[in-house]
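Biologist: Please take a close look at one helix and the elements it packs against. After that, continue to the sheet and to single residues worth checking.

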Amino acid sequence: MSKAKIIDWRHAAPDSVVFVSGPEEFLAGRAIRMIRETLKGQDDALEIHEIEASHYSAGTLLNLTSPSLFAEPRLLIIRGLERCSDDLIADGIAYLEHPTADTTVVLRHNGSSVRGKKLVDAIRVSSHATEINCAEIKKDADRVSFVQAEFAHADRKIAPAAVRALLDAFADDIAELASACNQLLMDSSETISESVVDRYYGGRVETNAFKVADAALAGKSGEALSLLRHAIATGADPVPLVAAISMKIRQLAKIFGNRSASPQSLGMAPWQVDRARKDLVGWTDDGLANAVSAMAIADAAAKGAERDPIYALERVIHLISNKGLSESSN
């Protein structure tokens, strides 16, 4: 049974040995930075060493952690444990038996290989160690939880619509998302609303494909077309635009025949299900089938089947804005 303490990355703190595991590099970097800042705040004379595990040579750990003449506190950061040398495995296991006082050794392993498993196993059963797991933030639900936790940790409130707006604007980069959260935390508003997000990141949000789709689904054809043209004018590629709008239509199709299905069974976040249920108001079976068919045509056009993929996208937006029915059908 594991003896090492396991803590959340938000509560990263120094220990004799700190094992930072998991693939999310941004979280790992933040945890290590928090440990460094804590130690530096305790003693400005902190001596810091950083080495790569793949370049490690026998005896280095002992040399860098041995008490100095003036007994300054030390921080040793060893990165890339997934590529560590055999010497580090041997020295690391030995060090765990008798870690040096006033010294923190941070070992970073991203989980991409089983290299160093013997040392990892030894860390996890050591009473001198703490593990900080930095799991990958990949799914929409994980990103929603991350944003909510950023504000909860700062004892601030953020509206669900504002969370969605942030995720629409920063869908691909967790570091940018965290930076955006930090910026919003400086705002004096009691609760961060969607309008506050738009105030800071409106330009970025407006060029996002999901904003185009949301405007079309709300029946705002003119606004959706304006957002689409702005996105294209600022360098957006038609292929990801089509993909994002297609995802919205697929979500409607998933829920159309099974409106009581759970978010988990649909592979969607709860807020996505709630939003899709609202967007489905007024849609018919035929209208949804027409939208799915039109999206397939637009997808082919964006990938080279037609000379003007933008025109195909505009036709789709008109169709979606009209609940999948042509104007002549009304």
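Modeller: Helices (H or I, at least four residues) and strands (E, at least two) are taken as DSSP runs and numbered from the N terminus. The model is predicted, so local features need pLDDT of at least 70 and side-chain atom pairs count only at pLDDT 80 or more, while totals for chains, interfaces and linings use all residues. Residues are numbered from 1 along each chain as its sequence is written, and side-chain values use heavy atoms, with hydrogens and water left out.

The helix I take is α5, residues 140-153. One partner is α7, residues 174-185: the two axes come within 10 Å and cross at roughly 30 degrees. Axes here are lines fitted to C-alpha atoms, for helices over the stretch in contact, and angles run from 0 to 180 degrees between N-to-C directions. The helices α5 and α7 are therefore roughly parallel to each other (under 35 degrees; over 145 is roughly antiparallel, 65 to 115 roughly perpendicular, the rest oblique). The crossing of α5 past α7 is right-handed (the near helix is turned clockwise from the far one by less than a right angle; anticlockwise would be left-handed).

On the α5 side of this contact (heavy atoms within 4.5 Å) are Arg143, Phe146, Val147, Glu150 and Phe151. On the α7 side they meet Ile174, Leu177, Ala178, Cys181, Leu184 and Leu185. By class, the residues of the contact of α5 with α7 are nine nonpolar, no polar and two charged. Nonpolar covers Ala, Val, Leu, Ile, Met, Phe, Trp, Tyr, Cys and Pro, charged covers Asp, Glu, Lys and Arg, and the others, Gly among them, are polar.

Another partner of α5 is α6: their axes come within 10 Å and cross at roughly 120 degrees. That angle makes α5 oblique to α6. The crossing of α5 and α6 is right-handed. From α5, the residues Asp140, Arg143, Val144, Val147, Gln148 and Phe151 meet Val163, Leu166 and Leu167 in α6. This contact of α5 with α6 divides into six nonpolar, one polar and two charged residues. Arg143, Val147 and Phe151 are named in the contact with α7 and also in the contact with α6.

Helix α5 also takes part in the packing of α13. The buried residues of α13 (270-279) are Trp271, Gln272, Val273, Ala276 and Asp279, where buried means under 20% relative accessible area, exposed over 50%, and partly exposed in between, with a 1.4 Å probe and protein chains only. These buried residues pack against α5, α6 (160-169), α9 (209-217), α11 (238-256) and α12 (263-266).

Beyond α5 lies the loop to β7 (157-158), and Asp155 is in that loop. Asp155 has a positive phi of about 60 degrees although it is not a glycine. Its relative accessible area is 70%, so Asp155 is exposed. Lys323 also has a positive phi of about 60 degrees without being a glycine. Lys323 sits in the segment after α15 (309-321) and is partly exposed, at 23% relative accessible area.

Now the sheet. Six strands form an open sheet with parallel pairing, in the order β1-β6-β2-β5-β4-β3; two strands pair if DSSP finds at least two bridges between them. The edge strands, each pairing on one side only, are β1 (5-7) and β3 (47-52). From one strand to the next the twist averages 20 degrees. At one edge, three bridges join β1 to β6 (129-133), and these strands run parallel. Lys5 has Thr130 as its bridge partner in β6.

At the other edge, β3 and β4 pair in the parallel sense over six bridges, and Glu47 stands opposite Arg74 in β4. Strand β4 (74-79) is mostly covered, with five of its six residues buried. Five bridges join β4 to β5 (103-109), again in parallel, with Leu107 in β5 as the bridge partner of Ile78.

Two more residues remain. Thr60, in α2 (60-65), is buried at a relative accessible area of 19%. Leaving out residues up to four places away in sequence, Thr60 touches Ile51 and Asp91. Arg124 lies in α4 (117-124) and counts as partly exposed at 33% relative accessibility. Arg124 and Ile6 are 118 residues apart in sequence and 9.1 Å apart in space, C-alpha to C-alpha.
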